[in-house]
Amino acid sequence: MSDLATDIRRRRTFAIISHPDAGKTTLTEKLLLFSGAIQIAGSVKARKASRHATSDWMEIEKQRGISVASSVMQMEYGDCVINLLDTPGHQDFSEDTYRVLTAVDAALMVIDAANGVEPQTRRLLQVCRARNTPIITFVNKMDREVKEPLALMDEIEQELGMTVVPFTWPVGMAKFFHGVMDLRRDQMRLFEPGEDRAGGDEETLHGLQDAAHAERFGGPYEQALGEMELVRDAAPAFDHAEFLAGRQTPMFFGSAINNFGVREVLDALCELAPPPGARAALERTVEPAEPKFSGVVFKVQANMDPAHRDRIAFVRVSSGRFTRGMRLKVVRNGKEMRPQTVVSFLSQRRELVDDAVAGDIIGIPNHGVLQLGDTLTEGEGLHFTGLPFFAPESFRTVEIKDPLRSKQLRQGLQQLGEEGAIQVFTPVAGGSMMLGAIGQLQFEVVLHRLKGEYGVEARLDPCRFSLARWITSADEAKLKKFIDSEPLRIAYDVVGAPAFLCQYSSDLRVTQERVPDIQFHAMREHS
Ligand code: G4P
């Protein structure tokens with residue numbers, strides 16, 4: 001077996017963040033293509049389509065043409081093993097995306113050059129910034145009529161609050177897109193439309209100041225040279241430490257659909273993005289190359305494969321090495337498990353994993369033993385922190401059509417809640433369960449899945465609440481007293497954490513003033 005520290009240093013674990021339609025799927029596919037993980041372009045899209053066809057609960061995706069599910073893809077490139085975590089593009093599933101972002105060490109931000117910074121990019125970037133995740137920027141669709149590169153650069157800096165350091169600079173756009181200048185190598189790679197080449201074999205011109213090039217490409221070349229000079233004077237030099245701290249982002253231009261600029265991004269991921277780092281647990285900081293295995297469940301997905309009706313816990317390995325059949329402890333309840341059929345996600349096929357190291361993602365099929373946020377170890381009592389749950393912004397009560405199926409309803413909601421598909425609240429005073437969501441589509445998915453997976457026809461009714469805050473207190477007795485005093489406005493979530501629910505933010509303010517010893521939280525971190 002190879003050396004653990006060496007194996008870990010080769011890992012790059014990242015996610016692509018973008019607004020829908022910026023080109024995430026296309027770029028994902030090209031990254032897989034360039035790393036040799038897939039042979040033919042079109043297979044990711046095809047997979048997207050076949051997923052729709054084979055998976056019944058994802059029927060809803062087909063109806064809406066959006067991607068609800070996230071998955072993991074592993075590929076080798078050069079000396080690196082790259083784990084790419086997919087994230088749902090639609091903002092109604094952003095909670096899921098936020099949690100996926102806790103499992104990565106870097107992010108690749110894709111920007112549609114015609115649209116600039118869009119709302120979903122802004123939101124996702126905020127999450128990355130809060131965690132100081134290093135970001136590489138890819139400006140896509142240069143083969144179209146797009147914004148001026150200087151304006152784009154300015155927009156990214158202003159909107160996202162990061163210093164942008166261009167590594168490449170475009171010459172022209174749309175029909176007159178001739179290629180990109182490589183600012184560090186004093187050369188230009190020429191653009192050729194088409195998906196047939198795997199990149200890297202484009203014609204390269206050396207010596208950017210050569211008058212022959214200016215003559216060949218005319219105005220756009222002169223303009224790019226001028227802009228490059230400007231950028232060189234105005235932008236600071238690339239500083240790796242600033243990048244690792246999430247304050248500087250290297251920027252690349254290209255066209256994913258035309259396989260152009262993709263290789264530079266892969267190279268940057270390998271050269272610039274960090275290998276797995278230390279992870280914070282309540283008890284201590286855990287170093288990746290510690291010999292003992294530890295990991296955290298950052299995503300649970302039920303019934304990914306309808307033929308198996310399984311439930312998969314996605315675990316980010318935080319330290320050590322996972323080997324098949326090893327004995328693991330679920331720290332939350334002390335249960336032992338010995339997963340035999342753990343899967344990795346090599347080139348998009350689920351494959352049995354024999355061996356995974358810090359930075360890798362493994363999928364453990366289970367029947368509810370593993371929950372979101374669970375820490376797995378070889379025995380040590382560690383609790384990894386930082387998995388966020390956000391206070392829902394809309395609520396519904398659940399009513400069932402056939403009362404004889406209320407047990408299935410409870411079971412279904414418990415599982416969907418544990419999976420993080422929706423937040424489920426049970427009022428202290430009893431009565432109907434309530435669902436809380438960040439986005440409306442979550443409600444639709446839950447109704448659909450309740451019916452498809454649990455045989456429960458449910459109806460969602462409007463609910464008077466519109467705000468939730470988790471409550472804690474250093475003084476347990478005071479917390480209990482507050483809970484007892486508000487049986488109609490306090491409910492327990494799926495892990496038993498109490499939350500205060502109300503209609504208006506003024507209700508919240510008044511209550512907060514009345515009980516100063518109670519803390520109200522818009523976000524709950526799993527611990
Ligand atoms: P997403 O996952 O971020 O939602 O975006 P996706 O890759 O599906 O791309 C959105 C659309 O943008 C697709 O077109 C895709 O072909 C196109 N696209 C991606 N990269 C480029 C690029 O470099 N240049 C140009 N001109 N277009 C690009 P579509 O018409 O929605 O889908 P399709 O019919 O091509 O499948």
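The ligand is surrounded by 18 residues, and the closest of them are Lys24, Thr25, Thr26, Ser255 and Ile257. Sorted by class, this shell holds four nonpolar, eight polar and six charged residues. Helix H2, residues 24-34, supplies three residues, the largest share of the shell. The model described here is predicted.

**Overall composition**

The chain contains 15 helices and 33 strands. Of its 527 residues, 45% are buried. Among contacts with a separation of 6 or more, 72% are between residues 24 or more positions apart.

**Two open sheets**

Strands of a sheet pair through backbone hydrogen bonds, in either a parallel or an antiparallel sense. Two of the sheets in this model are set out below.

| Strand order | Pairing | Edge strands | Average twist from one strand to the next |
|---|---|---|---|
| S2-S3-S1-S4-S5-S11-S6 | mixed | S2 (72-77), S6 (163-166) | 30° |
| S7-S8-S9-S10 | antiparallel | S7 (168-171), S10 (204-206) | 25° |

The sheet with mixed pairing is built from seven strands. S2 and S6 each have a single partner strand, so one side of each has no neighbour in the sheet. Within this sheet, strand S1 (residues 11-18) pairs with strand S3 (residues 80-85) in the parallel sense, over five bridges. Ala15 is placed opposite Leu85 in S3.

Helix H7, residues 149-160, lies across three strands: S5 (135-140), S6 and S11 (248-253). Relative to S6, the helix runs at about 145°.

The antiparallel sheet has four strands. Its edge strands, S7 and S10, each pair on one side only. The partner of S10 is strand S9 (residues 187-190), and the two pair in the antiparallel sense over three bridges. In this pairing, Gln187 stands opposite His206 of S10.

**Helix H12**

Helix H12 covers residues 406-419, a run of 14 residues. From its first C-alpha to its last, the helix reaches 20 Å, close to the 20 Å expected at 1.5 Å a residue. The buried residues in H12 are Leu409, Gly412, Leu413, Gln415, Leu416, Gly417, Glu418 and Glu419. Two glutamates, Glu418 and Glu419, are thus listed as buried alongside leucines such as Leu413 and Leu416. After H12 comes Gly420, which has a positive phi near 85°.

Note on methods: Residues are numbered from 1 along each chain as its sequence is written. This is a predicted model: local features need pLDDT of at least 70, side-chain atom pairs count only at pLDDT 80 or more; totals for chains, interfaces and linings use all residues. The expected span of a helix is 1.5 Å times one less than its number of residues. A residue is buried if 20 or more other C-beta atoms lie within 10 Å of its own, exposed if 12 or fewer, and partly exposed in between; C-beta atoms are placed from the backbone. Two residues are in contact if their C-beta atoms, placed from the backbone, lie within 7 Å. A residue is near a molecule or strand if its C-beta atom, placed from the backbone, lies within 6 Å of it. Ala, Val, Leu, Ile, Met, Phe, Trp, Tyr, Cys and Pro count as nonpolar, Asp, Glu, Lys and Arg as charged, and the others, Gly among them, as polar. Two strands pair if DSSP finds at least two bridges between them. Axes are lines fitted to C-alpha atoms, for helices over the stretch in contact, and angles run from 0 to 180 degrees between N-to-C directions.
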